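Please open the model in your viewer and keep the sequence panel beside it, since each stop on this tour begins with a selection. The stops go from pockets to a helix and then to single residues.

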Amino acid sequence: MGQRDIEVLINQYGSVLTRFFEHMSDMVFLMAVEEGPRFRYVLMNPAAMQAARLTEAAYGKLIEEANPEEKAAILNSMYRQAVASGKPTHFTTYGEFVGETILTPICNSEGVCTHVFAVTRDITERKKLESQLEHMAYHDMLTGLPNRRLLLDRMQQAIAKAKRSDQLLAVLFLDCDNFKEINDTWGHDVGDQFLQVLAKRLASCVRDVDTVARLGGDEFVILLTSLESDTEAAKVAARILDVLQQPWLIAKQRFSITTSIGIAFFPHDGTDADQLLRHADQALYKAKSGGRNGYRFYSPTRE
């Protein structure tokens, strides 16, 4: 379509075009291209005006005349890229809402871009859903802690970093010594609330750079990174034992709890995530068989 054709169409049928797009939930913009290039508002539908916080008073104004400076700079950059490409160009913008935009240059018979037609779809809710689904894939639904999948990913990254920096990392495998009694005595609702509080208590015992993960039931794993010696892991284990022995009040029920912890170190006790978890679990078994309410380091002579 030539420049004259589209200008005639806009001048003669602009109101019809506006009504055509009036009930679309997508945001529609038609911009005239001037030397620079610079862009003037020609048409917008109601969804576009609401989202852009503009009115028909913006018609005939440049982008920078109708918008705050920062927003105008972003919009001008997008439109200029579309003009330069000469073909439909896709953008995703982030702000109060997430917008997926297609900018289509319209050229005259001489190949000069005279207008840009833009359609923006609000995909905020879709992105929220995608984020929620991604979170669910990597986190335990009850406690919000990382699950096994995310734990293994972080362990692999931590192992690679430990190799480069020649530092220790520790894996603490733990479970409660009498969790079944809580479920049997007060029910699973109390048991679930207990696990949620337990997750918070465990997180309070470690640094922000460490990972507390729930594998299922009352099984938790703690990944400690960038350690100088095994005594640092021992201190964390002792802190956990002390914190978990503090009084528990869940749903008006008072009870006490102890835990057992098995500890394995990279690189001494394993060189990959699966091996470290397995050896920490074996150390946990030794802690339980040795009287519970304590921690044990993995020792291959005690398998």
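What follows is a walk through a predicted model, one selection at a time.

**First stop: the largest pocket**

Begin by selecting Ala-51, Lys-71, Leu-75, Thr-93 and Phe-97, which, of the 28 residues that line the largest pocket, are the closest to its centre. The pocket around them has a volume of about 710 Å³. To see where its walls come from, colour β1 (27–34), α2 (46–52), α3 (63–66), α4 (69–85), β4 (99–107) and β5 (113–122), each of which supplies at least two residues of the lining. Which of these elements gives the most to the lining? That is α4, with six residues. If you then colour the lining of this largest pocket by residue class, you should find 18 nonpolar, six polar and four charged residues.

**Second stop: the second largest pocket**

Move next to the second largest pocket, which holds about 200 Å³ of space. Of the 15 residues that line it, select Ala-158, Lys-161, Val-209, Thr-225 and Ser-226, the closest to its centre. The elements that give two or more residues to this lining are α6 (148–165), β6 (168–176) and β8 (219–227), and the largest share, six residues, comes from α6. By class, the lining of the second largest pocket divides into six nonpolar, six polar and three charged residues.

**Third stop: helix α6**

Stay with α6 and display it on its own for a moment. A distance drawn between the C-alpha atoms at its two ends should read 25 Å, which agrees with the 26 Å that its 18 residues should span at 1.5 Å a residue.

At the start of α6, show the side chain of Asn-147, one oxygen of which reaches to within 3.1 Å of the backbone nitrogen of Arg-149. Beyond the other end, α6 is followed by Asp-166, whose phi is positive, near 60°.

Now bring the rest of the model back and select the buried residues of α6, namely Leu-150, Leu-151, Leu-152, Met-155, Ala-158, Ile-159 and Ala-162. These buried residues pack against α5 (124–138), β6, β7 (211–216), β8, β11 (259–266) and α10 (273–289). Ala-158 thus appears both among the buried residues of α6 and among the residues closest to the centre of the second largest pocket.

**Fourth stop: Thr-143**

Go back along the chain to the loop between α5 and α6, where Thr-143 has its place. Is Thr-143 buried or exposed? With a relative accessible area of 18%, Thr-143 counts as buried, because the cut-off for that term is under 20%. Its side chain makes a polar contact with the side chain of Asp-140 at 2.6 Å, and the side chain of Thr-143 also reaches the backbone nitrogen of Leu-145 at 3.2 Å. Leaving aside neighbours within four places in sequence, select Leu-195, Gln-196, Ala-199 and Arg-214 to see what Thr-143 is in contact with.

**Last stop: Cys-176**

Finish in strand β6, at Cys-176, which is buried, with a relative accessible area of 5%. Select Thr-259 as well: although these two residues are 83 residues apart along the chain, their C-alpha atoms are separated by 4.3 Å. Apart from its neighbours within four places in sequence, Cys-176 is in contact with Phe-194, Leu-198, Asp-218, Ile-257, Thr-258, Thr-259 and Lys-288.

Technical notes:
Residues numbered from 1 in each chain as written. Predicted model: local features only at pLDDT ≥ 70, side-chain atom pairs only at ≥ 80, totals over all residues. Heavy atoms only, no water. 1 Å grid on protein atoms, 1.4 Å probe; cavity = no way out; pocket = protein on both sides within 12 Å on 5 of 7 lines; lining within 4 Å. Points joined across faces, edges and corners; volume = space filled by probe spheres on them. Helix = DSSP H or I, 4+ residues; strand = E, 2+ residues; numbered from the N terminus. Nonpolar A, V, L, I, M, F, W, Y, C, P; charged D, E, K, R; others polar. Expected span 1.5 Å × (residues − 1). Buried < 20%, exposed > 50% of the residue type's maximum accessible area, 1.4 Å probe, protein only. Contact = heavy atoms within 4.5 Å. Polar contact = N/O pair within 3.5 Å; in protein donor to acceptor, adjacent residues only side chain to side chain.
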